[in-house]
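Here is a report on a structure with more than one part to explore. Keep the 3D view open while you read, and look up each piece as it comes along.

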Amino acid sequence: MRPYIREKTAFGFDDVPVNTSFEAGYLVTVNSGWRSIRPVVESTKCVGCEQCYLYCPDGVISIKDGKAQIDYDFCKGCGICAKICRIGAIGMEAER
Amino acid sequence: MANKTAESISREEFFYGHKACAGCGGSLAVRAALKVLGKNAVSVLPAGCMSAVGFNFPQLCFSNNSIISTFAGTASMLTGVEAGLRAKGFKDFTAVGFAGDGGTADIGIQALSGAIDRNDNIIYICYDNEAYMNTGIQKSGLTPFGAKTTTTPAGRNIHGNIRPKKNMFEIAAAHDIPYAATASVGYLPDFIAKVKKASQIQGTKYIHVIAPCPTGWGVAPDETVEIAKEVVDSGLWYLAEYENGRFTLNHKPKEFTSVEAYLKKQGRFRHLDDDDIRVITESRDKKWEHINSSFEYSGK
């Protein structure tokens with residue numbers, strides 16, 4: 001399981017926990033608005049070596065059918081994946 | 001193409017959707033360590049970046065059990081977590097702490113020393129970004145010589161921090177701890193192997209991992225991993241282990257890369273002159289004399 005976005009985003013007074021504990025892995029907002037550039041995987045070049053998956057600080061890269069796949073909801077566009085990719089299968093493009 | 005390291009850790013993400021800066025080295029260290037330890041890890045985070053970015057109610061980014069401790073109390077809360085779960089009859093869990101360099105070498109050192117002294121069965125990971133980054137880059141005991149921070153500004157007479165970095169690894173080892181190690185997020189397979197090894201050892205484990213902070217170090221966000229590699233390649237940091245009373249060096253660069261090139265890449269060192277760089281190079285050489293004479297090389 002990875003923490004996932006909940007549908008409910010508004011909290012009423014009754015929803016606030018009475019003690020200091022709360023459900024783990026509870027996400028309500030995305031991080032995609034932080035990006036000015038976005039990584040794009042060229043799937044014909046990608047060999048699925050998983051280096052980008054390992055080194056992504058946000059863990060947004062997963063391998064599907066032997067190719068890297070990016071969760072753009074939580075990618076911050078740091079560019080580490082593009083740098084770490086030895087075969088240059090990941091390029092950074094301007095966010096529009 | 002199979003990646004051995006990726007195969008050896010969980011596919012699940014336990015630290016996801018956090019609000020750390022783009023390219024954060026600390027979050028990479030936390031993410032990788034939790035993927036080794038799995039869903040039964042109970043993590044303790046003191047005041048610091050990783051608790052600030054991980055717990056923004058209701059956005060809670062850890063999917064394992066996690067708790068924020070007092071700044072000074074990471075190790076003592078780990079002790080309590082471990083003892084409490086053991087008393088409740090739980091067997092399959094790991095109590096792991098993630099403290100920054102300030103929370104380890106300055107504020108939390110007493111609690112850590114006490115936990116090692118009691119030999120509590122915990123893993124303590126210090127993610128070292130070499131200053132109090134969360135509060136806006138103040139000098140900590142692990143800030144290296146010459147680094148510019150907001151409390152050690154670079155002026156005409158004094159060029160940033162005037163004191164060298166504390167040797168936390170050997171301080172932990174001096175307690176005769178069962179296992180201590182140094183690592184860098186630039187050499188992630190090495191770090192992952194060390195966390196795995198630590199999880200199989202009984203007693204207190206201390207891992208010190210260099211985790212660059214693009215914001216505080218003055219490098220581009222995509223440089224994090226490269227700069228974490230370069231600090232090892234230039235000899236300013238080293239990958240080593242302490243176990244059964246012996247020091248082992250895991251990685252020996254054939255030839256050191258340029259210290260000057262490493263320093264000048266970073267905004268926090270850009271003011272250094274040739275004399276400062278000579279001082280840093282000399283202290284590196286002295287350090288390596290010590291390493292070569294008293295560490296065994298695991299040889300590759």
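Let's start in a small corner of chain A: Lys64(A) has Lys67(A) in β5(A) as its bridge partner. Keep in mind that this is a predicted model. The two lysines belong to a pair of antiparallel strands, β4 (residues 61–64) and β5 (residues 67–70) of chain A, joined by 4 bridges. Together β4(A) and β5(A) make a hairpin, with 2 residues between them. One residue in that turn, Asp65(A), has a positive phi of about 50°. As a bit of background, strands in a sheet pair through backbone hydrogen bonds, and they can do that in a parallel or an antiparallel way.

**Chain A as a whole**

Zoom out from the hairpin, and you'll find 2 helices and 6 strands in chain A. Starting at the N terminus, they come in the order β-β-β-α-β-β-α-β. Is this chain a compact globule or more spread out? Its radius of gyration is 17 Å, while the globule rule gives 12 Å for 96 residues, so chain A is more spread out than a compact globule.

One spot to look at is strand β6 (residues 90–94) of chain A, which contains Ala94(A). Ala94(A) has 9 C-beta neighbours inside 10 Å, and because a residue with 12 or fewer is called exposed, Ala94(A) counts as exposed. Now find Val28(A), which is 66 residues away from Ala94(A) along the chain. In space, the C-alpha atoms of these two residues are separated by 26 Å.

**The two chains in numbers**

Chain B has 12 helices and 11 strands. For its 300 residues, a compact globule would have a radius of gyration near 19 Å, and the value for chain B is 18 Å, which agrees. Here are some figures for each chain.

| Chain | Extent of the C-alpha trace along the principal axes | Buried residues | Share of contacts (separation of 6 or more) from residues 24 or more positions apart |
|---|---|---|---|
| A | about 50 × 30 × 20 Å | 32% of 96 residues | 61% |
| B | roughly 60 × 45 × 45 Å | 54% of 300 residues | 69% |

**The sheet in chain B**

How many strands are in the open sheet of chain B? There are 9, in the order β4-β1-β5-β6-β8-β7-β9-β10-β11, and their pairing is mixed. At the edges you'll find β4 and β11 (296–297) of chain B, each with a single partner strand, so one side of each has no neighbour in the sheet. Elsewhere in the sheet, β1(B) and β5(B) run parallel and are joined by 4 bridges. Within this pair, Val44(B) stands opposite Gly97(B) in β5(B). Helix α4(B) packs on the sheet, where it touches β1, β4, β5 and β6 of chain B. The direction of α4(B) makes about 170° with that of β5(B).

**Two helices in chain B**

Take a closer look at α4 (residues 74–87) of chain B. At 1.5 Å a residue, its 14 residues should span 20 Å, and the end C-alpha atoms are 20 Å apart, which agrees. Among the buried residues of α4(B) are Ala75(B), Met77(B), Leu78(B) and Val81(B). Their cover includes strands you've already met, such as β1 (41–45) and β4 (65–68), along with helices α5 (101–106) and α6 (109–118) of chain B. After α4(B) comes Gly89(B), with a positive phi near 95°.

Next comes α2 (residues 25–37) of chain B. Its 13 residues should span 18 Å at 1.5 Å a residue, and its end C-alpha atoms are 19 Å apart, which agrees. In α2(B), 13 of the 13 residues are buried, so this helix is largely enclosed by the rest of the structure. Following α2(B) is Gly38(B), whose phi is positive too, near 85°.

**Where the chains meet**

Finally, bring both chains into view. In total, 33 residues of chain A are in contact with 32 residues of chain B. On chain A's side, the elements that give two or more residues are β2 (26–27), α1 (51–55) and α2 (80–84). Which of them gives the largest share? That's α2(A), with 4 residues. By type, the residues on this side of chain A divide into 20 nonpolar, 7 polar and 6 charged.

Conventions: Residues numbered from 1 in each chain as written. Chains lettered and ligands numbered in written order. Predicted model: local features only at pLDDT ≥ 70, side-chain atom pairs only at ≥ 80, totals over all residues. Rg over C-alpha atoms; globule rule 2.2 N^0.38 Å. Contact = placed C-beta atoms within 7 Å. Pairing = 2+ DSSP bridges. Expected span 1.5 Å × (residues − 1). Nonpolar A, V, L, I, M, F, W, Y, C, P; charged D, E, K, R; others polar. Axes fitted to C-alpha atoms, helices over the stretch in contact; angles between N-to-C directions.
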